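Here are a few notes from my read through this one, in the order I'd look at things. Have the viewer open and follow along.

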Amino acid sequence: MKNSFIWDLDGTIIDSYEIIVDNLAIVAGQCHLSYSQKEIYQYVKSKSVNAFIGLMANSSDYDKHQLKTLASNLNNQRAGEIKCIPHAAYVLDYLYQNNIQNFIYTHKGKSTAHVLENLNLTQFFKEVITSEYGFERKPHAQGIEYIVDKYKLNKDAVFYVGDRQIDADCAQNAGVKSIILTDDSDSSLSGDYMIRDLKELVSFM
C-alpha cells in the first residue's frame, strides 16, 4: 500500500508569504490601520490570512468582502513573482515518477491554477482543491475528507503536508497524519511529523 500526500500550498509548496504580507500591509494602510510586517506575518502564520482580514474589518469601515477583494487583486498582480519552496519541485517530481498520488487542499482561490502553471507543477497533482469548492475552512476536515472519499484512500496511508498549526489540526480532525514544514522559529507548532526540508518527504514514501 503506497502513501498519498495532500498538500497545503502557501508556505508549503510556494514561497508566497512575503507577497501576501506586503499586500496585507498595503490594505491595512488603506484602512488607516498600523501593523508592522512582522505582526502581520506572525498573525497569518499562527491563524490565517482570512483571520487577519477579519481583524482589519472589525477595526475599520470596510467589510471583510471588500478587504478580501483588495488583497486578492494585489496578490494576483504579483502572482508571477512567486517561487517554489526549496526542493518542492524536485520532491513532487520524485513522488510522481514513483506513482505516488499527490493532491492540494488550499484556501487559495482561482489564482491557484495560474500559479501552478507558471511554476510547471500542475502535472504532479491528481486534483487541486481550492476555496472555490466552498468547503468549510481549515481546521475543518471537509476538504481532506472529500479527497479521501473520492479517491478511496486508506487514511492510514494519507499525509497532509503543511506549514501551520491549522494544517496539523486539519489533518488530526480528518484522521490522517500531518507533516509540518518548519524552520523551528515557532516552538508552538506540533504535528505528527516535523521536517525542516521537503527532501525529507522521500523517506515517507
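1. Let's begin with empty space, keeping in mind that this is a predicted model. The largest pocket holds about 660 Å³ of space. Its lining runs to 29 residues, and if you want to find the middle, go to Ser72, Asn75, His107, Lys108 and Gly109, which lie nearest the centre.

2. Which elements give two or more residues to that lining? They are helix H1 (17–30), H3 and H4. H4 gives the most, with 5 residues. Sorted by class, the lining of the largest pocket comes out as 9 nonpolar, 11 polar and 9 charged residues.

3. Two of those pocket elements also pack on each other. The axes of helix H3 (residues 49–58) and helix H4 (residues 64–77) come within 9 Å and cross at roughly 125°, which means H3 counts as oblique to H4. The crossing of these two helices is right-handed. On the H3 side the contact uses Asn50, Ile53, Gly54, Met56 and Ala57, while H4 brings Lys64, Leu67, Lys68 and Ala71. The residues in this contact are a mix: 5 nonpolar, 2 polar and 2 charged.

4. H3 has another partner to look at, helix H2 (37–46). Here the axes are 7 Å apart and the packing angle is about 125°, so H2 is oblique to H3. From H2 the contact takes Ile40, Tyr43 and Val44, and from H3 it takes Val49, Ala51, Phe52 and Leu55. What classes do these residues fall into? The contact of H2 with H3 has 7 nonpolar residues, with no polar and no charged ones.

5. Now for some backbone details. His32 is not a glycine, yet its phi is positive, at about 60°. You'll find His32 in the loop between H1 and H2, so have a look there when you trace the chain from one helix to the next.

6. One peptide bond deserves a click too. Lys138 and Pro139 are joined by a cis peptide bond, with omega at about 15°. Where does Pro139 sit? Pro139 is in the loop between strand S5 (127–129) and helix H7 (142–150).

7. To pull the helix part together: H3 packs against H2 through a contact of 7 nonpolar residues, whereas the contact of H3 with H4 includes 2 polar and 2 charged residues besides its 5 nonpolar ones. Both H3 and H4 also give two or more residues to the lining of the largest pocket.

Terms used. Residues numbered from 1 in each chain as written. Predicted model: local features only at pLDDT ≥ 70, side-chain atom pairs only at ≥ 80, totals over all residues. Heavy atoms only, no water. Axes fitted to C-alpha atoms, helices over the stretch in contact; angles between N-to-C directions. Helix = DSSP H or I, 4+ residues; strand = E, 2+ residues; numbered from the N terminus. Parallel < 35°, antiparallel > 145°, perpendicular 65-115°, else oblique. Left-handed = near helix turned anticlockwise from the far one by under 90°. Contact = heavy atoms within 4.5 Å. Nonpolar A, V, L, I, M, F, W, Y, C, P; charged D, E, K, R; others polar. 1 Å grid on protein atoms, 1.4 Å probe; cavity = no way out; pocket = protein on both sides within 12 Å on 5 of 7 lines; lining within 4 Å. Points joined across faces, edges and corners; volume = space filled by probe spheres on them.
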